[in-house]
Amino acid sequence: MRRVVVTGLGALTPLGNTVKEYWEGLVQGRSGAGPITRFDASKYRTRFAAEVKGFDPENHMDRKEARKMDPYAQYAMVTAQDALLDAGLEEFKVNGERAGVIWGSGIGGLYTVYHEFKNFFEGDGVPKFNPFFVPKMISDIAAGYLSIRYGFRGPNYTTVSACASSNNAIIDAFNYIRWGVTDLFITGGSEAAVNEPGVAGFNAMKALSERNEDPATASRPFDLDRDGFVLGEGGAALILESLDHALARDARIYAEIAGVGLSADAHHITAPHPEGLGATLVMRNALRDANLSPSEIDYINVHGTSTPLGDLSEIKAIQNVFGEDAYRLNVSSTKSMTGHLLGAAGAAEAVACILAIVNNTVPPTINHFTDDPAFDPRINLTFNTPQGRTIRAALSNTFGFGGHNTSVIFKAYQA
Amino acid sequence: MSDIANKVRSIIVEKLGVDENEVTPEASFTNDLGADSLDTVELIMEFEKEFSLSIPDDEAENIQTVGQAITYLEANAK
């Protein structure tokens with residue numbers, strides 16, 4: 001099978017609207033959370049989120065195009081363009097028949113659904129749905145738009161597995177390249193659910209932190225007082241290429257994808273398996289696929305959403321899989337800073353892992369105040385400040401409602 | 001130019017993202033102003049909303065240019 005490398009990155013996150021700003025935010029240990037500005041949240045249980053800031057779609061596309069896209073698709077267009085530029089592909093003539101797009105979005109055009117339904121319910125009962133309602137709403141349209149813009153005529157679709165969606169996209173793109181189906185992919189994910197139904201829906205599940213008095217410290221994975229996740233939004237894009245394709249065009253190589261894992265909890269629609277059964281299996285599957293032993297992983301970017309149950313079961317799974325090595329490697333949850341980007345989380349955290357490898361720096365788990373005795377103190381959770389170390393390989397977990405588990409292992413590129 | 005004509009032109013500028021001086025009476029939505037079939041449906045809906053009327057499908061099919069839209073709406077808007 002062919003080797004697959006990462007040659008371009010794009011990010012639009014609550015910490016910053018470029019990859020550079022995102023990474024700076026991660027190593028500075030900044031929080032991207034603040035009071036909700038997207039709508040009047042005064043009657044909501046949670047009144048804060050980790051929003052993308054200062055984003056104007058018309059700086060990136062014309063008004064007509066922007067108007068036809070839900071924010072989640074706008075985020076896709078912008079991050080994919082940044083990643084292609086970063087990969088030096090704007091100038092390079094890509095063979096469109098050998099290039100594809102696999103995008104991830106957990107929810108798709110929720111903003112569009114909400115506003116169209118609202119107009120309908122406020123009307124006289126005569127349906128006056130916008131002709132762009134369906135193409136704006138559907139969660140596959142970002143992949144379609146990207147293929148149209150760049151002429152990529154290879155495999156094209158969107159993966160939907162809730163908060164694991166963009167890891168599934170990366171996994172599929174990786175597979176098609178290593179199997180020789182396609183030479184190059186735009187992959188990644190985007191999500192834009194900081195809106196009325198997004199916040200109210202997760203609030204109703206009691207999934208969100210309600211620490212309204214202090215949004216910046218609300219996402220506190222592994223802290224004794226963690227009380228739920230902080231809703232985030234944004235997107236991230238990666239350019240994946242076969243190693244041969246990248247070398248032939250003399251591309252800068254960030255890292256190599258070593259292997260991937262998939263599994264299901266087969267337990268509950270929203271609660272993780274208490275013993276981390278699916279999480280254990282997915283990391284084992286990824287290590288086997290990568291042909292790496294636990295001793296070769298130096299960093300795990302956990303799903304770690306700051307929920308009482310999820311953080312516990314994931315750490316149990318890490319101990320199951322890594323044994324004594326669990327005390328040697330670094331673990332961190334960058335969601336402590338970005339909030340939870342839902343379907344875009346896997347892509348955003350892939351970028352974090354790749355830059356951690358490139359910079360030999362582990363971004364921290366911020367907002368640690370009180371130890372939770374449930375966690376073995378020998379596990380290095382990288383609390384509050386980044387830590388420098390040689391990172392040979394990093395494993396990124398994302399898990400989604402429905403019990404979907406995904407792991408992707410990135411490793412330092414060596415010719 | 002009538003109020004209706006001005007409103008029609010500004011709706012077209014907004015929805016199709018075109019320059020105001022392109023919106024001439026002879027300009028065809030699809031051939032000159034870059035509209036696709038969905039854009040055209042949206043334009044008709046926007047006219048219906050702005051001028052509080054309902055345009056039957058068979059009449060909407062005959063509204064292909066800026067001038068045809070203005071003529072139709074001047075005749076039918078309340």
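I began with strand 1 of chain A, and I noted that strand 1 pairs with strand 7 of chain A in the antiparallel sense over eight bridges. Everything entered here refers to a predicted model. For one of these pairings I looked up the residues, and the bridge partner of Leu12(A) in strand 7 of chain A is Gly235(A). Strand 8 of chain A also pairs with strand 1 of chain A, again antiparallel, over three bridges, and here Val4(A) has Ile257(A) of strand 8 as its bridge partner. I then checked burial, and since nine of the nine residues of strand 1 of chain A are buried, I recorded the strand as largely enclosed by the rest of the structure.

**The sheet**

Next I traced the sheet in chain A, which is open, has 10 strands with mixed pairing, and follows the order 5-4-6-7-1-8-14-13-9-10. Which strands stand at the edges? I found strand 5 (156-159) and strand 10 (330-332) of chain A there, each with a single partner strand, so one side of each is left without a neighbour in the sheet. The average turn of neighbouring strands against each other is 25°, with direction ignored. At the edge formed by strand 5 of chain A, I counted on the listing four bridges to strand 4 (residues 99-104) of chain A, the two strands running parallel. One residue pair I wrote down from this pairing is Gly104(A) with Thr159(A), the latter in strand 5 of chain A.

I looked at two helices against these strands. Helix 10 (residues 277-290) of chain A packs on the sheet, where it touches strand 8 (255-264), strand 13 (393-400) and strand 14 (404-411) of chain A, and its direction makes about 145° with that of strand 8 of chain A. Helix 13 (residues 345-359) of chain A runs at about 170° to strand 13 of chain A and lies across several strands, including strand 1, strand 4, strand 6 and strand 7 of chain A.

**The two domains**

I took chain A as divided into domain 1 (4-248) and domain 2 (260-411), following the domain assignment. Their C-alpha centres lie 21 Å apart, and the contact between them takes 62 residues from domain 1 of chain A and 55 residues from domain 2 of chain A. On the domain 1 side, the elements that give two or more residues include strand 1 (4-12), helix 1 (19-28) and strand 7 (234-242) of chain A, while the largest share, seven residues, comes from helix 7 of chain A. By class I entered 32 nonpolar, 23 polar and seven charged residues for this side of domain 1.

**Helices 3 and 4**

For helix 3 (residues 71-86) of chain A I compared span with length: its 16 residues should span 22 Å at 1.5 Å a residue, and the end C-alpha atoms are 22 Å apart, which agrees. Because 14 of those 16 residues are buried, helix 3 of chain A is largely enclosed by the rest of the structure. After helix 3 of chain A comes Gly88(A), with a positive phi near 70°.

Helix 4 (residues 110-122) of chain A, with 13 residues, reaches 18 Å from its first C-alpha to its last, close to the 18 Å expected at 1.5 Å a residue. Which residues of helix 4 of chain A are buried? They are Leu110(A), Tyr111(A), Thr112(A) and Glu116(A), and the buried residues of this helix pack against helix 3, helix 5 (133-137) and helix 8 (196-204) of chain A.

**Loop residues**

I placed Thr182(A) in the loop between helix 7 and strand 6 of chain A. Thr182(A) has 24 other C-beta atoms within 10 Å, and because 20 or more count as buried, Thr182(A) is entered as buried. Leaving aside residues up to four places away in sequence, Thr182(A) touches, among others, Arg98(A), Gly154(A), Pro155(A) and Tyr176(A). Thr182(A) and Ser242(A) are 60 residues apart in sequence, yet their C-alpha atoms are 8.4 Å apart in space.

Ser306(A) and Asn384(A) were looked up for their backbone angles. Phi of Ser306(A), a residue other than glycine, is positive and near 85°; Ser306(A) sits in the loop between strand 9 and helix 11 (308-322) of chain A, and counts as buried with 26 C-beta neighbours inside 10 Å. Asn384(A) likewise has a positive phi, near 70°, and is partly exposed, with 13 other C-beta atoms within 10 Å.

Note on methods
Residues are numbered from 1 along each chain as its sequence is written. Chains are lettered from A and ligands numbered from 1 in the order in which they are written. This is a predicted model: local features need pLDDT of at least 70, side-chain atom pairs count only at pLDDT 80 or more; totals for chains, interfaces and linings use all residues. The expected span of a helix is 1.5 Å times one less than its number of residues. A residue is buried if 20 or more other C-beta atoms lie within 10 Å of its own, exposed if 12 or fewer, and partly exposed in between; C-beta atoms are placed from the backbone. Two residues are in contact if their C-beta atoms, placed from the backbone, lie within 7 Å. Domain bounds come from an automatic or database domain assignment. Ala, Val, Leu, Ile, Met, Phe, Trp, Tyr, Cys and Pro count as nonpolar, Asp, Glu, Lys and Arg as charged, and the others, Gly among them, as polar. Two strands pair if DSSP finds at least two bridges between them. Axes are lines fitted to C-alpha atoms, for helices over the stretch in contact, and angles run from 0 to 180 degrees between N-to-C directions.
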